[in-house]
There are 2 protein chains.
Amino acid sequence: MAPQNSSAASRVDPLTLEVVELIGTVVARYHEEYEVAAGKHALTGAQARVLGLLSLEPMPMRRIAQKLKCEPSNVTGIVDRLEARGLVERRPDPADRRVKLAAPTEEGLRTARSLRESLDFAREPLAQLSREERLSLRGLLRRMLGEA
Amino acid sequence: MAPQNSSAASRVDPLTLEVVELIGTVVARYHEEYEVAAGKHALTGAQARVLGLLSLEPMPMRRIAQKLKCEPSNVTGIVDRLEARGLVERRPDPADRRVKLAAPTEEGLRTARSLRESLDFAREPLAQLSREERLSLRGLLRRMLGEA
DNA sequence: TATTGTTATACTCTATAACTATA
DNA sequence: TATAGTTATAGAGTATAACAATA
């Protein structure tokens with residue numbers, strides 16, 4: 001998602017445009033780092049996302065689809081590939097025999113942990129900011145997202 | 001790219017983690033809006049990106065690939081589809097007969113413009129911030145990205 | 001009847017490798 | 001010989017529709 005440094009500035013003020021562009025850059029960098037981190041473990045982005053999700057909490061296939069905002073039919077293939085690599089397994093749900101719970105294996109958990117650690121987006125760019133600046137950034141992002 | 005609210009807090013302080021999570025949310029929302037905006041014009045994300053790119057300046061196929069950070073062979077298909085829909089055309093480069101310049105048609109330009117306008121990511125979330133806050137956010141993002 | 005997960009199908013994006021036409 | 005663009009191929013993600021098992 002390259003920032004498209006709008007020549008159609010028409011209706012938005014230059015400051016806002018500049019901020020949007022900066023956000024676009026952040027988004028692009030976030031993605032690159034995510035893909036690189038996933039690639040280091042020979043995982044695709046989607047696989048890394050699912051593994052990261054399951055490492056927090058096993059869940060039904062259906063719920064994975066909701067989290068990923070995609071059709072449930074797609075999750076079948078993604079989990080198939082993770083399962084083929086021994087990173088995830090499907091368990092029956094005692095409460096509902098229609099449901100299959102996807103859960104990480106031991107190796108899956110290790111991979112997920114390592115993945116999180118290699119995602120140094122957490123440290124590198126933010127390390128340049130002081131504690132006060134991070135607090136300020138947190139506040140601004142919260143307001144932007146309407147969470148505060 | 002769902003924010004993975006790290007239970008592996010291990011080595012990073014909670015404030016940084018929280019900011020990272022907020023950025024993840026921004027990234028996710030940015031994407032959703034981009035896809036929705038593209039979908040309104042029956043374009044895929046990649047097609048919308050290329051069209052947006054070309055609407056700023058026609059360029060050789062090779063250069064599109066560099067901008068998209070993908071292999072040149074992929075660009076052929078994306079431009080094929082845009083061309084089939086009459087949004088883009090390939091022109092010879094007078095200076096080098098190996099090169100094909102991809103350029104938007106009139107309709108392509110209109111679509112690109114409309115696409116940019118429906119990308120209200122520029123306005124909605126940022127509208128919640130005062131001018132001062134936007135200035136502050138710009139400064140923080142610049143420092144984060146090492147641009148300032 | 002409704003829901004969960006799967007299969008089948010088709011399209012797009014992606015990388016790799018081999019080809020062509022220029023340079 | 002090197003470069004620009006293309007083709008061929010294969011893998012992965014995506015949506016849609018239809019299906020089996022279970023609720």
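Analyst: Let's start with the residue classes: Ala, Val, Leu, Ile, Met, Phe, Trp, Tyr, Cys and Pro count as nonpolar, Asp, Glu, Lys and Arg count as charged, and the others, Gly among them, count as polar. This is a predicted model, where local features need pLDDT of at least 70, side-chain atom pairs count only at pLDDT 80 or more, and totals for chains, interfaces and linings use all residues, while side-chain values use heavy atoms and leave out hydrogens and water. Residues are numbered from 1 along each chain as its sequence is written, and chains are lettered from A and ligands numbered from 1 in the order in which they are written.

User: Thanks! How do the residues of the surface near DNA strand D divide into nonpolar, polar and charged?

Analyst: Seven of them are nonpolar, six polar and nine charged.

User: What makes a residue near a strand, and which residues are the closest to DNA strand D?

Analyst: One of the residue's heavy atoms has to lie within 4 Å of the strand. There are 22 residues surrounding DNA strand D, and the closest are Thr44(A), Ser73(A), Arg81(A), Arg62(B) and Arg90(B). Looking from the DNA side, 67% of the atoms of DNA strand D within 4 Å of the protein belong to sugar or phosphate, and the rest to bases.

User: What makes an atom pair a polar contact, and how far is a backbone N or O atom of Arg62(B) from a phosphate oxygen of DNA strand D?

Analyst: A polar contact is a pair of N or O atoms within 3.5 Å; within protein, one must be able to donate a hydrogen and the other to accept it, and residues adjacent in sequence count only if both atoms are side-chain atoms. For Arg62(B), a backbone N or O atom is 2.5 Å from a phosphate oxygen of DNA strand D, so the pair falls within the 3.5 Å limit. Backbone N or O atoms of Met61(B), at 3.1 Å, and of Arg97(A), at 2.9 Å, also lie by phosphate oxygens of this strand.

User: Which helix gives the most to the surface near DNA strand D, and how do you know that it is a helix?

Analyst: Helix 4 of chain A does, with four residues. Helices are DSSP runs of H or I with at least four residues, strands are runs of E with at least two, and both are numbered from the N terminus.

User: Which residues around DNA strand C come nearest?

Analyst: Arg62(A), Arg90(A), Thr44(B), Ser73(B) and Arg81(B), out of 22 around DNA strand C. Sugar and phosphate make up 66% of the atoms of that strand that come within 4 Å of the protein. A polar side-chain atom of Arg90(A) is 2.5 Å from a phosphate oxygen of DNA strand C, whereas a side-chain N or O atom of Arg98(A) is 2.9 Å from a base oxygen of DNA strand C. A polar backbone atom of Lys100(A) lies 3.2 Å from a phosphate oxygen of DNA strand C.

User: What makes strand 2 and strand 3 of chain A a pair?

Analyst: Two strands pair if DSSP finds at least two bridges between them. Five bridges join strand 2 (residues 88-92) to strand 3 of chain A, and the two run antiparallel; Arg90(A), for one, stands opposite Ala102(A). Strand 1 (residues 59-60) and strand 3 (residues 100-104) of chain A, also antiparallel, have two bridges, so they satisfy the rule of at least two. Here the partner of Pro60(A) is Leu101(A).

User: Why does Ala42(B) count as buried or exposed?

Analyst: Buried means under 20% relative accessible area, exposed over 50%, and partly exposed in between (1.4 Å probe, protein chains only). Ala42(B) has 55% relative accessibility, so it counts as exposed. Ala42(B) sits in the loop between helix 1 (14-40) and helix 2 of chain B, with a positive phi of about 55 degrees although it is not a glycine. Lys69(B) is at 63%, so it too counts as exposed; Lys69(B) is in the loop between helix 3 (61-68) and helix 4 of chain B.

User: How do you know that the span of helix 7 of chain A agrees with what it should be?

Analyst: The expected span is 1.5 Å times one less than the number of residues. Helix 7 (residues 131-144) of chain A has 14 residues and should span 20 Å; its end C-alpha atoms are 20 Å apart, so the values agree. Its buried residues include Leu137(A), Leu141(A) and Met144(A).
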